[in-house]
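Thank you all for coming. Please have a look at the model I have put up, and then I will go through its overall build, its cores and one of its sheets.

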Amino acid sequence: MIRTSFNDNWQVRPKTNPFAELSGQTVPYREVTLPHDAMIEQTRVPSEEGGAGAYFPGGVYEYRKIFFVPEEHRGQRVVIEFEGVYRDAAVFINGDYAGQRPYGYSLFRIDADRFLRFGQDNEIRVEARAHQDSRWYSGAGIYRDTWLLVGEVVRIIPDGVRITTPDIDAERAVVEVATTVVNDSIEIRTADLVTEISDAAGTVVAIGRSTVTVLPGESAIARQRLYVREPDLWSVADPALYTCDVTLAGLDSERVTFGIRSLRLDPVHGLRINGESVKLRGACVHHDNGVLGAATHARAEERRVRILKEAGFNAIRMSHHPMSKAMLEACDRLGMLVVDEAFDMWTSAKSPYDYSLSFPEWWERDVEAMLAKDYNHPSVIMYSIGNEIPETGTPSGAAWARKLAEKVRVLDGTRYVTNAINNMLAVMSELASLREQAAGINTLMADAGDMMNAVAVSDVVTERTAESYSVLDVAGMNYSDRRYALDHERFPDRIILGTETFPTRIDRNWALVQQYSTVIGDFTWTGWDYLGEVGIGRPQYGSTPTHVAPYPYLLAGCGDIDITGHRRPASYYREIVFGLRTRPYLAVWRPEHHGETFIGSPWAWSDTLPSWTWPGHEGAPITIEVYADAAEVEVLLNGRSLGRRPVDRFRAAFEATYEPGEVLAIAYRDGVESGRDVLRSAIGPVQLRAEDDRPVISATGGDLAHITLTLTDADGTLYTSADREVRLAVSGAGALIGFGSADPSTEERFDATERRTYDGRALAVVRPTGPGKIRLLASAPDCDPAEIIITVESPS
């Protein structure tokens, strides 16, 4: 089918009461371009959505688009594809109900031709609602791409080309291409099918030809075996991709990108890709794009994957819903492994109006949609059927787990099945008796990690979760690292994945991953900070921590990387623990809290910055942290040694009195210097700088320009303590679609043109509107303006 973008010329408004419309009290529509997050434009208030949804109010949103359908489409099949509408989407064409989809993360299609008026304008209207239905910020509306598909009555169905590589060696790879052809005519149809496989250079490396006959009103699968000589294998280090072009002579064609790679799994070698054992250095990631809200732009997804990989991750667990097509494609290109997850709930609700209300009726269709989307992506190695499902500790829940796991295996037997089980939640009904049985467990309430682990290793958990784990290929465990050694002895064939772990425990967890062949990886919560679940990772001081932060908190505050894409100190610590960084890393505790008791949650990293610029704290005590894979570390302040300290758990701490200048950390191994890191104080006038991620972007394909705004001195040293308002003006061939900082608690909006920096930084995102030049002019008090010119090119 011919696929064209359906993103332009939409209108959106909050849906009003129909009786209000009769009285003329309507809310006008506003022109928008998809993808679009209607919720991010709403004013945040302390609302019933609460901190889970970042205090954005829920609502019902109505999208409308007028589009012309030419007369020549009569007799053809016209389909409208939605990659994601949050949530409870209802679609109407020319006033008639055309279809719906309760789940907010599934790709779905609407057969539109029966509702269309050919040779005329047509109207499509989409309603979406979000209200107390998520444990994190979900956004609302048509937040992913939409497409118009037009094809003949005899055609290849969407997602109808499925590729497997069942037999691979150095000489050749068997590539099996299964193409589903449908015949909506009233006669038998026969057509020639030609399949060509090309390598990355565009050279055709294999050709298959066959004939396919399809009965009227039915479909048929044409299966071809092709042979690629001396195949380039897809891997994290070398993500080689091939292109498969399938042509149904005179009727239809389809192009698919795929990779050739093998997967093996056993308790001795763990996970093997192309015969090599791989430990998953994993990041859990929510779907929002920070300053863009939930809107899914291809370039924003690719940027996230690239930054995560540069930070040392080799795998992403999409939490807790199916990954976007754009991010899957980025993972394929960049070499990032994927655990794609289906649901955050089954039949037990976690929010008053969540997907559990629709799960019994819709789960199969939503699993089918996820696997159809993922099938040809070599980056996908595993499917997760759920996250922290309370039912997994019950016989009924185990039966549901078996249903889901077997459904996945029927649809795709080439990947592995896991389930991210929180062992404590699986036995919630037993917690009271467990407290009585386990000495001291009441005192563990102060540390959620210790409490979850104490429960996880109980006999009750072992018994109650046995069947739920038995239906899986990989036992996913959330916050249950104390089971790794236990299960290695009790269940020697149980292969374990830490599907969700605390960032503060990565050193111990990674040691366990390396120690046990049955433990194949660790996924931290989280790799990238996100909107909602506000404040779970925020620094806290005092005696009693609280879980959810009050309004106007906005962010969870627990990502290795903040919402603007800037790496936080925890990211460099993790890189050192992974063995990927030899240099030490300097981080400094914010001096205003020196001497106070830090009581952050297990998701909260130390309250540090890589900065030695603390005006107003001259002569005050300050704490310096050094992260290093070394035996000892020496710190020098303005050339004076503060001594050497042994490194414990990859870190050492030094007390000092703050004075501007330079701090130098030198790491030693076996008495020999192994690396150094330095921080310098910013001096002189504050300068505003603007830096683009790429000077040239494309006018199409979901491309964006990301511009980082920083406050620095003349040498480029960041002024972390000189925040001020930055105002933007964008002109030319682009529009500003997001502007913000990593400030965890603010009432500022992401759709404004003025925003205060946070720790000296802010991020602007610009979408091209056509070929030409985009000019961004930034200004701030007491700073010279900064200008960036972005070139927007037409696709070649």
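The secondary structure of this protein comes to 13 helices and 47 strands, where helices (H or I, at least four residues) and strands (E, at least two) are DSSP runs, numbered from the N terminus. With a radius of gyration of 27 Å, close to the 28 Å from the globule rule for 796 residues, the protein is as compact as a globular protein of that length; the radius is taken over C-alpha atoms, and the rule is 2.2 Å times the number of residues to the power 0.38.

I should say early that this is a predicted model, in which local features need pLDDT of at least 70 and side-chain atom pairs count only at pLDDT 80 or more, while totals for chains, interfaces and linings use all residues. Residues are numbered from 1 along each chain as its sequence is written, and side-chain values use heavy atoms, with hydrogens and water left out.

Of the 796 residues, 59% count as buried, meaning under 20% relative accessible area with a 1.4 Å probe, protein chains only. The largest nonpolar core (buried Ala, Val, Leu, Ile, Met, Phe, Trp, Tyr and Cys residues joined through side-chain atoms within 4.5 Å) has 122 residues, and W10, F82, I124 and F343 have the most contacts inside it. Helix 4, residues 359-374, gives the largest share of this core, six residues. Apart from it lies another core, of 36 residues, including M424 and W525.

Finally, an open sheet of four strands has the order 16-15-18-19, with antiparallel pairing, pairing here requiring at least two DSSP bridges between two strands. Strands 16 (204-214) and 19 (252-258) stand at the edges, each with a single partner strand, so one side of each has no neighbour in the sheet.

Definitions and conventions. Buried means under 20% relative accessible area, exposed over 50%, partly exposed in between (1.4 Å probe, protein chains only).
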